[in-house]
Amino acid sequence: MSAPDIHIITLGHASPVEPLGQSVNAFLVGPPYALINTGHVLQVDKLKAQLQALSVEPAAIERIVCTSWSVNITGVARHFPTRGRVLLQSRRFAAAAL
């Protein structure tokens, strides 16, 4: 059994007001294909074009893993037909006693 391929997809800046000038990246792992982070909703066309350049159709993405709830990470997730297989990082917050 061979190891899956991992591709870094550099999406660049979502907008000129990007916080701290951070560039957005997504990661494609597979096959079978999983997308780690999806980029900002304004980057949907760029992400799909880069997937096409890798010969991967959006329908081939079986899972999406988002490492935070930031719009820069989750924004494009709804554009992929993953049949509900979207995993989001979650944190448990404890209330501090004052």
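**Helix α1, its sheet and the core**

In this predicted model, V44, L47 and L51 of α1 are buried.

Student: What puts V44, L47 and L51 on the same side of α1?

Tutor: Their arc around the axis. They cover only 70°, which puts them on the same side of the helix. The general rule fits here: an α-helix has 3.6 residues a turn, so residues three or four places apart point the same way.

Student: What do the buried residues of α1 pack against?

Tutor: Strands β1, β2 and β3. The face turned away from the buried side carries the exposed residues D45, Q52 and A53. Exposed here takes a relative accessible area over 50%.

Student: Why is Q43 called buried?

Tutor: The cut-off is under 20% relative accessible area. Q43 has 3%, therefore Q43 counts as buried. Q43 lies in the loop between β3 (33–36) and α1. Leaving out residues up to four places away in sequence, Q43 touches L11, G12, H13, A14, V24 and V76.

Student: What makes β1 and β2 a pair?

Tutor: Pairing needs at least two bridges. β1 and β2 are joined by 7 and run antiparallel. Across this pairing, G12 stands opposite V24 in β2.

Student: What is the strand order in the sheet?

Tutor: β1-β2-β3-β4-β5, in an open sheet with mixed pairing. β1 and β5 are the edge strands, since each pairs on one side only. On average, neighbouring strands are turned by 20° against each other, direction ignored. Helix α1 packs on this sheet and touches β1, β2 and β3. The direction of α1 makes about 145° with that of β1.

Student: Which residues have the most contacts inside the largest nonpolar core?

Tutor: I9, L28, L35, L47, I61, I64 and F80, in a core of 17 residues. β1 (5–12), β2 (24–30), α1 and β4 (61–66) each give two or more residues to this core. Take I61: beyond four places in sequence, I61 touches L28, Y33, L35, V56, F80, P81 and T82. In soluble globular proteins, nonpolar side chains tend to be buried together.

Student: Where is confidence highest, and where is it lowest among the elements?

Tutor: Helix α1 (residues 44–53) is highest, at a mean pLDDT of 94. Strand β5 (residues 86–88) is lowest, at 75. Over residues 92–98 the pLDDT is below 50, and this stretch has 0 contacts in the model beyond near neighbours in sequence. For the protein, the mean pLDDT is 81, and 80% of its residues reach 70 or more.

Student: What follows α1?

Tutor: S55, with a positive phi near 60°.

How values were computed:
Residues numbered from 1 in each chain as written. Heavy atoms only, no water. pLDDT = per-residue confidence, 0-100. Helix = DSSP H or I, 4+ residues; strand = E, 2+ residues; numbered from the N terminus. Contact = heavy atoms within 4.5 Å. Buried < 20%, exposed > 50% of the residue type's maximum accessible area, 1.4 Å probe, protein only. Core = buried A, V, L, I, M, F, W, Y, C linked by side-chain atoms within 4.5 Å. Axes fitted to C-alpha atoms, helices over the stretch in contact; angles between N-to-C directions. Arc of directions from axis to C-beta.
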